[in-house]
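Got your viewer open? Let's take a walk through this model, one selection at a time.

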Amino acid sequence: MALRELKKELNQMTETEIIKLILEMYKKIPDAKNYLNILTTRDIEQLTEKYKKEIERYIYPNGRNMDLRENEARKIIRTVRKMNITELNIELELHYVSCCLEIIEDFGYWDENYYIALGKMFDNAINGISELGIEDKYNEKVISLSSKASEYGIELEY
């Protein structure tokens, strides 16, 4: 169903029917529940921690072959971005950068695409920070990440 059709259907529903629909979505769809929780409480901390653990699970090497699956971590972040909660995005993007820098530090990992993805993620976080005007909140963390990256020849400009 296209968005236009959905809007038409919702406009035909009563307020009670819409509330019932939202409650059903809340019960049955975890991402809808997460979104509605943040929307109503403005508390991103619990969800941030949940997604950080998922990101770590994919970024850190797995198994005997030391398989890196950072693509999966980026998929999580792309999915979360659809919620359009900028501060949540910033937290996850900076965490991704931090984890990737640890991989580089611990394993001497070198892959140009890995570095490019890391830089893009950092830039997205910086743009979100600027958009919200919360530079003071993230200044120390951003400077620390930028400094650590420069030790490995990666320029993360702030």
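Start by selecting Lys50 and Tyr51: the charged end of Lys50 sits over the ring of Tyr51, 4.5 Å from its centre. Keep in mind as you look that this is a predicted model.

Leave that pair showing and add Asn34, which you'll find in helix H3 (residues 30-41). Setting aside residues up to four places away in sequence, Asn34 touches Leu47 as well as Lys50 and Tyr51. Is Asn34 buried or exposed? Its relative accessible area is 14%, and the cut-off for buried is under 20%, so Asn34 counts as buried.

Before moving on, you might go hunting for aromatic pairs. How many does a search of the whole structure find? Zero.

Next, select helix H5, residues 70-81. Here's a quick sum to try with your distance tool: at 1.5 Å a residue, the twelve residues of H5 should span 16 Å, and the end C-alpha atoms are 17 Å apart, which agrees. Now colour Glu70, Ala73, Arg74, Ile76, Ile77 and Val80, the buried residues of H5. Turn the view until you look down the axis of H5: these buried residues fall within an arc of 150°, so they line one face of the helix. What do they pack against? Show helix H4 (45-59), helix H6 (86-107) and helix H7 (112-132), and you have the partners of those buried H5 residues.

Time for the core. In soluble globular proteins, nonpolar side chains tend to be buried together. The largest nonpolar core here has 40 residues, and those with the most contacts inside it are Ile59, Leu94, Tyr96 and Val97. H4, H5, H6, H7 and helix H8 (135-150) each supply at least two residues of this core. Which helix gives the most? That's H6, with eleven residues.

So zoom in on H6 itself. The helix is mostly covered, with 16 of its 22 residues buried. Try the same sort of length check: at 1.5 Å a residue, H6 should span 32 Å, and its end C-alpha atoms are 31 Å apart, which agrees.

Now pick Val97 and show what surrounds it. Leaving aside neighbours within four places in sequence, Val97 is in contact with Leu118, Met121, Phe122, Leu145 and Leu156.

For the last stop, follow the chain out of H6 to Gly108, where phi is positive, near 60°.

Definitions and conventions. Residues numbered from 1 in each chain as written. Predicted model: local features only at pLDDT ≥ 70, side-chain atom pairs only at ≥ 80, totals over all residues. Heavy atoms only, no water. Helix = DSSP H or I, 4+ residues; strand = E, 2+ residues; numbered from the N terminus. Expected span 1.5 Å × (residues − 1). Buried < 20%, exposed > 50% of the residue type's maximum accessible area, 1.4 Å probe, protein only. Arc of directions from axis to C-beta. Contact = heavy atoms within 4.5 Å. Core = buried A, V, L, I, M, F, W, Y, C linked by side-chain atoms within 4.5 Å. Phe/Tyr/Trp six-rings, centres within 6.5 Å; stacked < 30°, edge-to-face > 60°. Lys NZ or Arg CZ within 6 Å of the ring centre and 35° of its normal.
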